[in-house]
Amino acid sequence: MKKTTQLIAGLIFMYGIYIIIHGHLTPGGGFAGGVILAGSFILLILAYGSDFLKLVKEETGSTMYENLAILMVIFLALSGLLFGARIFFLNWLPKGIAGELISAGMLPLYNIFVGIEVAASILTIFLALIIFKEEISR
């Protein structure tokens, strides 16, 4: 079961990355891909138990990624203001050719950081529930 979980979790993780990166071309994006990424980590935790990630009483790793991703989204949103255009959420990167992977300016960057934030948030919630359950059972 553990070897199968490793394979499946890796495929689920790669699919989540695919959904995030191609979010501006197909249905999906940061939120949907982030949920899929979190699902791959949750699957590993369920298969290997809470000792797999060496869980402690805090979820510092996932909350750190969550905070950094939110800061990057805020920085990208403010970048239009910072570069003198005075427009919040300005799409100031070149748009490229429609239908290609690099064709949406800032939107893929937003998708990436929103995906990281959503994955970290869902994983933090899951870890908090596991830690709470372990504290009650002791």
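Which helix is I17 found in? I17 sits in helix α1. Before I go on from there, a word on what we are looking at: this is a predicted model.

Let me start with the overall layout. The chain has four helices and zero strands. Read from the N terminus, the order of elements is α-α-α-α. There are 138 residues in the chain, and 35% of them count as buried. The accessible surface comes to about 8600 Å², and carbon and sulfur atoms account for 73% of that. As for contacts, take those between residues at least 6 apart in sequence: 68% of them join residues at least 24 apart.

Back to I17. Buried, exposed or in between? I17 has a relative accessible area of 33%, so it is partly exposed. I17 also belongs to a nonpolar patch on the surface. The members of that patch are L7, I8, L11, F13, M14, I17, I21, L25, F41, L101 and I102. Together they have about 970 Å² of accessible area. Which element gives the patch its largest share? That is helix α1, residues 2-21, with seven residues.

Two of the patch members bring me to the aromatic rings. How many aromatic pairs does the structure hold? There are two. One is F13 with F41, an edge-to-face pair at 5.8 Å centre to centre, with 75 degrees between the planes. This pair links distant parts of the chain, since F13 is in helix α1 and F41 is in helix α2, residues 30-48, with their positions 28 residues apart. F13 is partly exposed because its relative accessible area is 32%. F41 is likewise partly exposed, at 32% relative accessibility.

The other pair is Y15 with Y18, and this one is stacked: 6.3 Å centre to centre, 20 degrees between the planes. Both tyrosines lie in helix α1, three residues apart, which is about one turn of the helix. At 45% relative accessibility, Y15 counts as partly exposed. Y18 has 40% and therefore counts as partly exposed too. Y15 also has a spatial relation to a residue further along the chain: Y15 and L37 are 22 residues apart in sequence, and their C-alpha atoms are 8.1 Å apart.

L37 takes us to helix α2. How does the length of α2 agree with what its residue count predicts? At 1.5 Å a residue, the 19 residues of α2 should span 27 Å, and the end C-alpha atoms are 27 Å apart, so the two agree. Which residues of α2 are buried? They are G30, G33, G34, L37, A38, S40, I42, L44, I45 and A47. After α2 comes G49, and its phi is positive, near 85 degrees.

Now the loop between α3, residues 60-82, and α4. R86 lies there. With a relative accessible area of 74%, R86 is exposed, because the cut-off for that class is over 50%. Setting aside neighbours within four places in sequence, R86 is in contact with G80 and L81.

That leaves helix α4, residues 107-137, where I have two residues to show. One is L109, which has its place in this helix. L109 counts as partly exposed because its relative accessibility is 29%. Which residues does L109 contact, leaving aside its neighbours within four places in sequence? Those are L76 and L93. L109 and L76 are 33 residues apart in sequence, and the C-alpha to C-alpha distance is 8.2 Å.

The other is E117, also found in helix α4. Is E117 buried or exposed? E117 has a relative accessible area of 16%, and the cut-off is under 20%, so E117 counts as buried. Not counting residues up to four places away in sequence, E117 touches E66, A69 and I70.

To go back over the main points. The chain has four helices and zero strands. Helix α1 gives the largest share of the nonpolar patch, seven residues. The F13 and F41 pair links helix α1 with helix α2, while Y15 and Y18 both lie in helix α1. In helix α4, E117 is buried, and L109 is partly exposed. That is what I have.

How values were computed:
Residues are numbered from 1 along each chain as its sequence is written. This is a predicted model: local features need pLDDT of at least 70, side-chain atom pairs count only at pLDDT 80 or more; totals for chains, interfaces and linings use all residues. Side-chain values use heavy atoms; hydrogens and water are left out. Patches are made of residues with over 30% relative accessible area and no salt bridge: like charges are joined within 9 Å, nonpolar side chains (Val, Leu, Ile, Met, Phe, Trp, Tyr) within 5 Å. Accessible areas come from the Shrake-Rupley method with a 1.4 Å probe; for residues, only the protein chains shown count as cover. A salt bridge is a side-chain nitrogen of Lys or Arg within 4 Å of a carboxyl oxygen of Asp or Glu. Buried means under 20% relative accessible area, exposed over 50%, partly exposed in between (1.4 Å probe, protein chains only). Contact means heavy atoms within 4.5 Å. Rings of Phe, Tyr and Trp (its six-membered ring) pair if their centres lie within 6.5 Å; planes under 30 degrees apart count as stacked, over 60 as edge-to-face and the rest as tilted. The expected span of a helix is 1.5 Å times one less than its number of residues.
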